[in-house]
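Welcome! Let's practise asking why a label fits, and answering with a value and a cut-off.

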Amino acid sequence: MSGAPALRRLAGFWRPGLPLAAAVALAWGLSAALGLPERFWSVMSVLIVMRPSAGATLDAGWERVRGTAAGALCGLAGLFLLHHGLPALAGTLGIVLLLSLAGAALPGWRSAPVAALIVLSAESLPGHPALQVALLRMLQIGIGVGVALAVSTFLSEYHAGARCDAGCAALLRGVAQRMARLPRPAPADAATRAALRRLALLAGSADLEARWWRRGTADGRSRAYRDKARLTARIVQDAVVLDRVLRLAPDTPADRGWQDAAQAASAAVAGLAEAMAGRGDADLAALAQRAATPAHALLAAPLQLLLDDLRGLQRGLGISP
């Protein structure tokens, strides 16, 4: 019994590390089978681009391939200039510095200075001309990226699409709980804003996965997960606005209409959260009724904004209103 927590911690340690270890071994094996020199370049690519999900790996891998191709071409151009009289030190430093500035402005070019420096120092690899070194580097990086993508697709710790939906549902549940509570808690805080930023990044990875597996593109919804994340953020903001209005409610039994509006909004948001989690259906009828006949004029606009965004998210989920 005493060893059970230690075993669970050990399993938690190995589970995310096994796909990375498998990708490293596979990249090395493929490079060795092809007889490539300096096989650790493909291993290094795996270590750089491997992510917990296939979408994030594809994003990082594409940036590395694009930056490496640009850097290799600039390195070949630099070699041409060096062989025609350009001072070696000044030429190499100048090209690397310019690519470093470009990499700071263009995220996809971050690996370009490294690739250019490798090509410009190609004479350190005996028996291989500069052009062949550039092509070998691109091949090795391609192997590393391809292996990382394949392993993360089939052995990924999670799928970004399901995790994005779960994240949206969790945020909506929190919104629903805050709206239903009395006395009213503080509105969305820094932790909620940080969660929304993480959700936006996760949604981008989920859309990449969807395009990779040809999901979400047949109906033209190539940004389906980003749309869900955007609408979730808007619903959170709508709830903050509604909460500020509800704080003006008079605390008397004769004005139960304010609290009824809060309960209807809470139930609508909670129902949509459960629909996103695949555990129910969203019913917006009560909220629609409260928006049409608000207890006070101040409630009309916030309730209608919340209703419109909930309906938009409902359509995104493919649920008939």
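**Why these labels fit**

In this predicted model, a salt bridge joins the side chains of Asp260 and Arg290, with 3.8 Å from N to O.

Q: What makes the contact between Asp260 and Arg290 a salt bridge?
A: The nitrogen must lie within 4 Å of a carboxyl oxygen. Here the N to O distance is 3.8 Å, so the pair counts as a salt bridge.

Q: Which parts does the pair of Asp260 and Arg290 tie together?
A: Asp260 belongs to helix α10 (residues 256-276) and Arg290 to helix α11 (residues 285-292), so the pair ties together parts that are 30 residues apart in sequence.

Q: Why is Asp243, the salt-bridge partner of Arg247, called buried?
A: Buried means under 20% relative accessible area. Asp243 has 8%, so the label buried fits.

Q: Is Arg247 buried, exposed or partly exposed?
A: Its value is 40%. Partly exposed covers what lies between under 20% and over 50%, so Arg247 is partly exposed.

Q: Why is the aromatic pair of Trp28 and Phe40 called tilted?
A: Planes under 30 degrees apart are stacked and those over 60 are edge-to-face, with the rest tilted. The planes of Trp28 and Phe40 are at 45°, so tilted is the right word.

Q: What makes Phe40 exposed?
A: Exposed means over 50%. Phe40 has a relative accessible area of 56%, so Phe40 is exposed.

Definitions and conventions:
Residues numbered from 1 in each chain as written. Predicted model: local features only at pLDDT ≥ 70, side-chain atom pairs only at ≥ 80, totals over all residues. Heavy atoms only, no water. Phe/Tyr/Trp six-rings, centres within 6.5 Å; stacked < 30°, edge-to-face > 60°. Buried < 20%, exposed > 50% of the residue type's maximum accessible area, 1.4 Å probe, protein only. Helix = DSSP H or I, 4+ residues; strand = E, 2+ residues; numbered from the N terminus.
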